[in-house]
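Here are my notes for your review. Please read them alongside the model.

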Amino acid sequence: MRVAPSPTSQDVARNLRLFVDSVGDFAITTLDPRGIITSWNVGAETITGYKASEVLGKNFALLYSADDRAEGKPQRILHEAATRGRFEEIGTRVGQNGEDFSVNVIISAIRDGEGRLLGFGAISRDVTDRLDATSRLRDSEARLQTLVDTVLDTLIDGLIAIDRHGTVQLYNRAAERLFGFPASEVVGRSVAMLIPGEFAREHGPFLINYPRSGVRRMLGAPREIKGRRRDGSTIAIQLAVGEATHRGEPIYVGIIRDLTQRNRIEAQLRQAQKMEAVGQLTGGLAHDFNNILMVILANIDGLLEEPLSASAASKVEQIERSTTRGAELTRQLLAFSRRQPLQPRPTDLNDLVTSLGRLLRRTLAADIAIEYNLAPGLGPANVDRAQLEAALMNLCLNARDAMPGGGRLLIETGAVEIDEAYVRLTPEARPGPHLVVAVTDSGTGIPPDLVDRVFEPFFTTKDAGHGTGLGLSMVYGFVRQSGGHIRLTSELGRGTTFRLYLPRTAAISAELVAELRAAPIGGKERILVVEDEPHVRARLLEQLRSLGYAADGMPDGVAGLAAFERADPFYDLVVTDMVMPGPVDGRALAEQVVRLRPGTPVVLISGYAAGARFGAADPARHLLAKPFRKRELARVIRGALDGRMP
C-alpha cells in the first residue's frame, strides 16, 4: 500500500498562492501591520484595474478617495480590524481609472501563536452592479410609493395590498387618513385590524382559501362593507379587490372609497323624497278640505247677515270658530306641502326681525334672554313677509319650550354665496346669493335619532294636547316653497340652531313698502266666476251678488273662456279657480282673458296653489287662498277693479 507523502509547509504555501491567484471574482490581498500591500491577486487586478506591479509595496490607502484619506479612514479601518479582529463594510473605493466602485470588504487581523500582529488579510467583492440594481429598485419603489401616496390620493380614498395570509404589505397615506392608523402600525400586521370582527370572520377565509378553492367571493365587483377606525368607530366603505402575483405568491390589492359622504347625501335625498311624497298627499287632502270649508264659511257669512236668536247666533259662532281652526290647519298642511299661495316680495330681514322682537319680548318668559346679531347692509330677501314672520315665531316658540328653566335665544341674519360644492352636499340647496336667518337656543337639544324627523307633519315630542306637530313642517314647507332651504344642527344639552337660507333679490321699491289701504266694499261691475266645485261656485255668486256685482258662473275653463268671448258688454273682472279639470286651468284662462281684452283683472282662487308666484308681467296678479271670508273677497275684488297692487 502506497501512502502519499505529507505535504511540506512550502507545498501548502505554494498551493494556497496558486488558489488565491486563480480566483478572479474576489480581490484577495495581504497587508503588513502598517497597511503596505504585500500580495495582490488576479481578482484584485480585475476589480481595481491596478496591476500588482503598481501597488505592491504601497499603502492600501491609494484605493480610497482623497476625502477619505484626509479624514484618516484607512487608518481607522486597520485599527478596528486589529482591535476587534475583523472589519467589514460595503463601501466605495477608487479604481485605477479614477472612477468609484462599490465593494463588500472583509479585513481580518493575522497574528502569530503568541498574539503578535503580523499583518492583515483582505477579501473584497465588487458589488457595484448589485447596488445599482438595488438603488434602481429602491428608486422604482419610491416612485411607486409617490404614485400611491399622491396621484392615487386624488382618485381613491385608500389603497391596501395584502398577501394570501391577510398580512398588509402596502398601506398608502390616504388609507392612513381614512382609518386613522399610521402605516407603521398596519404594515406587517393582519388586515383584520381594519375590519369589524363579524365581517372579518365572514369573508377572511375566502382570501386565504381562494388559490385552492377558486371561489372569488371577495374578488372583482366592488362591495359595500364596514371598516374599523383607530378610535373603534366604524365607517361605510366600498372595497374592490384585485388579484396579482408577486414572486410566485398571490397578492390582493384593495381599492377603497369612503361612502360616508355619499350615504349622507343619499339619506338627505331619501328624506327629501319622503317629505315630497307626504307633501303631495297632505296638499291634496288640504285642497279638498278647503273646498268644504269654503262652503261652510260662505254659509256662516250668510247666516250672520240674517236676524238670529241668541241661541242660534251662539251656535253659528261656535261653528265659525271651529271652521276657522280647520282653515288654519289646512294652511299649515299647505305650507308644509309647498302649495300654500305665497306673495313673495322684497323684504328687509333686519327690519322684520326687529319688529318681531317687540312681540317676542311680550310672548317669551322673562328668564329667556333675547339677543340679536343683525348683519348690516344685507339687502332684501324675496319672501312672503307674513309667512316668514309666522315661521320665525314658530321657531322661537319651539326654542322657548326647549328652555323650561330659562336660557338664551339668539336671532342672527347674514349673507352667504352658495356654490356648487355646497349644492353637491345639500341636494335641496340652489347656487347663488342667499340671506340667512338663524334662530339658536341654549335648550335641551334634539336627540340624534329624531333630527331627521322633526320636519315631518304631525310628528311632535310634546305631550298629548300640546301641539299638532305641524309647526316645523310649516316652516320647512314655507322655506322650500320660497326657493330656499333649511339646515338644523343640534347637540343634546347644548341647544339647537335652525338656519333659514332665502334667495336674495333686488332692492325694495317704495310702492312695495307702502301698506295697502282699506278698500271700499261692493260695486256694480260685471264679474265672471269660473269654479268647478258647484257648491263653492254657488256661494261665490251669492256673495258677489250680495255686494252689488252682476255675477255669472261657469263650471270649467273651456266654458268660462267661451262665456268671456261672447259676453256683450265684456266682463270687468274674472274670478277663476286655479286648479280645474280639462285643458284650460285657471292660469291658462287668465292668459287667454288678457290676450282677448288686455287690462282685464283676473283673481285666482285656490286651496292647492302649486307654484303660485306672481311677477310684474303676470296677468293673474291677484290671489285668494281658500277658504276665505266674504270681507276678504270684497277687498280683493274691489282692489283688482280699482287697479291696486295686491
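Is Ile319 buried, partly exposed or exposed? The points below start there; note that this is a predicted model.

1. Ile319 is partly exposed, because its relative accessibility is 44%, and the cut-offs are under 20% for buried and over 50% for exposed. Its place is in helix H10, which covers residues 310–336.

2. Ile319 also belongs to a surface patch. Together with Ile292 and Ile296, Ile319 makes a nonpolar patch of about 240 Å².

3. Now Arg539. This residue sits in helix H16, residues 534–546. Its relative accessibility is 17%, so Arg539 counts as buried. The value falls under the 20% cut-off.

4. What does Arg539 touch, leaving aside residues up to four places away in sequence? The contacts are Val295, Ala298 and Asn299.

5. Helix H19 passes a simple length check. H19 runs over residues 630–641, 12 residues in total. At 1.5 Å a residue, the expected span is 16 Å. The C-alpha atoms at its two ends lie 16 Å apart, so the model agrees with the expectation. The expected span uses one less than the number of residues.

6. H19 is mostly covered. Of its 12 residues, 9 are buried. Among them are the charged-type names Lys630 and Arg638. The buried set also includes Leu633, Ala634, Val636, Ile637, Gly639, Ala640 and Leu641.

7. A general point on helices is useful when reading that list. An α-helix has 3.6 residues a turn, so residues three or four places apart point the same way.

8. Look just past the end of H19. There, Gly643 takes a positive phi of about 80°.

9. How many aromatic pairs are there? The count comes to 2. One of them joins Phe60 and Tyr64 in an edge-to-face arrangement. Their ring centres are 5.6 Å apart, with 90° between the planes. Phe60 and Tyr64 are both buried.

10. Phe564 and Phe570 also form an aromatic pair, and this one is tilted. The centre-to-centre distance is 6.1 Å, and the angle between the planes is 35°. Phe564 is buried, because its relative accessible area is 0%. Phe570 has a relative accessible area of 39%, so Phe570 is partly exposed.

Conventions. Residues are numbered from 1 along each chain as its sequence is written. This is a predicted model: local features need pLDDT of at least 70, side-chain atom pairs count only at pLDDT 80 or more; totals for chains, interfaces and linings use all residues. Side-chain values use heavy atoms; hydrogens and water are left out. Helices (H or I, at least four residues) and strands (E, at least two) are DSSP runs, numbered from the N terminus. Buried means under 20% relative accessible area, exposed over 50%, partly exposed in between (1.4 Å probe, protein chains only). Contact means heavy atoms within 4.5 Å. Patches are made of residues with over 30% relative accessible area and no salt bridge: like charges are joined within 9 Å, nonpolar side chains (Val, Leu, Ile, Met, Phe, Trp, Tyr) within 5 Å. Accessible areas come from the Shrake-Rupley method with a 1.4 Å probe; for residues, only the protein chains shown count as cover. A salt bridge is a side-chain nitrogen of Lys or Arg within 4 Å of a carboxyl oxygen of Asp or Glu. Rings of Phe, Tyr and Trp (its six-membered ring) pair if their centres lie within 6.5 Å; planes under 30 degrees apart count as stacked, over 60 as edge-to-face and the rest as tilted.
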